[in-house]
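Good morning. I will take a few minutes to walk through one small part of our reading list, so please look at the screen.

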Amino acid sequence: MSTTTTYLVQGMTCGHCAMSVAAGIQSLDAVTAADVDLEAGTVAVQSAGPIADEDVAAAVAEAGYTFGGRS
C-alpha cells in the first residue's frame with residue numbers, strides 16, 4: 001500500500017534545489033517518489049511503507065535545506 005506525506009522545506013529557490021531535495025529523499029528505503037513544489041516550498045513523498053520524519057529531515061539537511069515538518 002502506497003502512502004503520500006507532504007513536508008515543508010525551506011531555502012529552495014531554483015530547479016537545482018528541488019532536484020537535490022528530491023534525489024536525497026528518493027534515496028531513502030521505501031520511498032517510491034518525491035515530488036517537489038518549489039513555489040509552495042513542499043515535497044510530497046510517496047512510499048511503499050512507513051518512513052520516519054527524522055529520515056526525511058536528515059535527507060533534506062544533507063541536501064543543504066531546512067526541514068519544516070509535515071505540511
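Let's begin with the sheet. Four strands form it, it is open, and the order across it is E2-E3-E1-E4, with antiparallel pairing. The two edge strands are E2, residues 31–37, and E4, residues 66–70, and each of them pairs on one side only. From one strand to the next, the twist averages 30°. Please keep in mind that what you see is a predicted model.

Now the helices that go with this sheet. Helix H1, residues 15–26, packs on the sheet and touches E1, E2 and strand E3, which is 42–47. The direction of H1 makes about 160° with that of E2. Helix H2, residues 53–63, lies across E1 and E4, and it runs at about 155° to E4.

How many helices and strands does that give for the protein? Two helices and four strands. Along the sequence they follow the pattern β-α-β-β-α-β. The radius of gyration is 11 Å, close to the 11 Å that the globule rule gives for 71 residues, so the protein is as compact as a globular protein of that length. If you put a box around the C-alpha atoms along the principal axes, it comes to roughly 35 × 20 × 20 Å.

Next, the pairs of strands. E1, residues 3–10, and E4 pair in the antiparallel sense over three bridges. One place to look is valine 9, whose bridge partner in E4 is phenylalanine 67. E2 and E3 also run antiparallel, and six bridges join them. Here you can find alanine 33, which stands opposite glutamine 46 in E3.

E2 and E3 form a hairpin with four residues between the strands. Which residue in that hairpin takes a positive phi? It is glycine 41, with a value near 70°. Another positive phi belongs to alanine 30, at about 80°, although this residue is not a glycine. Alanine 30 is found in the loop between H1 and E2. Its relative accessible area is 33%, so alanine 30 is partly exposed.

Let me stay with strand E2 and move to alanine 34, which has its place there. Is alanine 34 buried or exposed? Its relative accessibility is 6%, so alanine 34 counts as buried. Leaving out residues up to four places away in sequence, alanine 34 touches Ala22, Ile25, Gln26, Val43 and Ala44. Ala22, Ile25 and Gln26 fall within the residue range of helix H1, 15–26, and Val43 and Ala44 fall within that of strand E3, 42–47. The C-alpha atoms of alanine 34 and valine 45 are separated by 4.5 Å, with the two residues 11 apart along the chain.

A general point for anyone new to sheets: in a regular strand, side chains alternate between the two faces of the sheet.

In strand E3, we find threonine 42. At 12% relative accessibility, threonine 42 counts as buried, because the cut-off for buried is under 20%. Neighbours within four places in sequence aside, the contacts of threonine 42 include Thr6, Tyr7 and Leu8, and also Asp35, Val36 and Asp37. Met12 and Ser71 are in contact with threonine 42 as well.

Now the cysteines. How many disulfides does a search of the whole structure find? Zero. Cysteine 14 is in no disulfide, and the nearest cysteine sulfur, that of cysteine 17, is 3.4 Å away. A disulfide needs the two sulfur atoms within 2.5 Å, so this pair does not count as one. Cysteine 17 is likewise in no disulfide, with the sulfur of cysteine 14 as its nearest. As for accessibility, cysteine 14 is partly exposed at 30%, whereas cysteine 17 counts as buried at 6%.

I will end with the protein as a whole. Of its 71 residues, 38% count as buried. The protein exposes about 3,900 Å², and carbon and sulfur atoms supply 50% of that. Taking the contacts with a separation of 6 or more, 59% are between residues 24 or more positions apart. That is the end of my part, and I will take questions now.

How values were computed:
Residues are numbered from 1 along each chain as its sequence is written. Side-chain values use heavy atoms; hydrogens and water are left out. The radius of gyration is taken over C-alpha atoms; the globule rule is 2.2 Å times the number of residues to the power 0.38. Buried means under 20% relative accessible area, exposed over 50%, partly exposed in between (1.4 Å probe, protein chains only). Contact means heavy atoms within 4.5 Å. Accessible areas come from the Shrake-Rupley method with a 1.4 Å probe; for residues, only the protein chains shown count as cover. Two strands pair if DSSP finds at least two bridges between them. Axes are lines fitted to C-alpha atoms, for helices over the stretch in contact, and angles run from 0 to 180 degrees between N-to-C directions.
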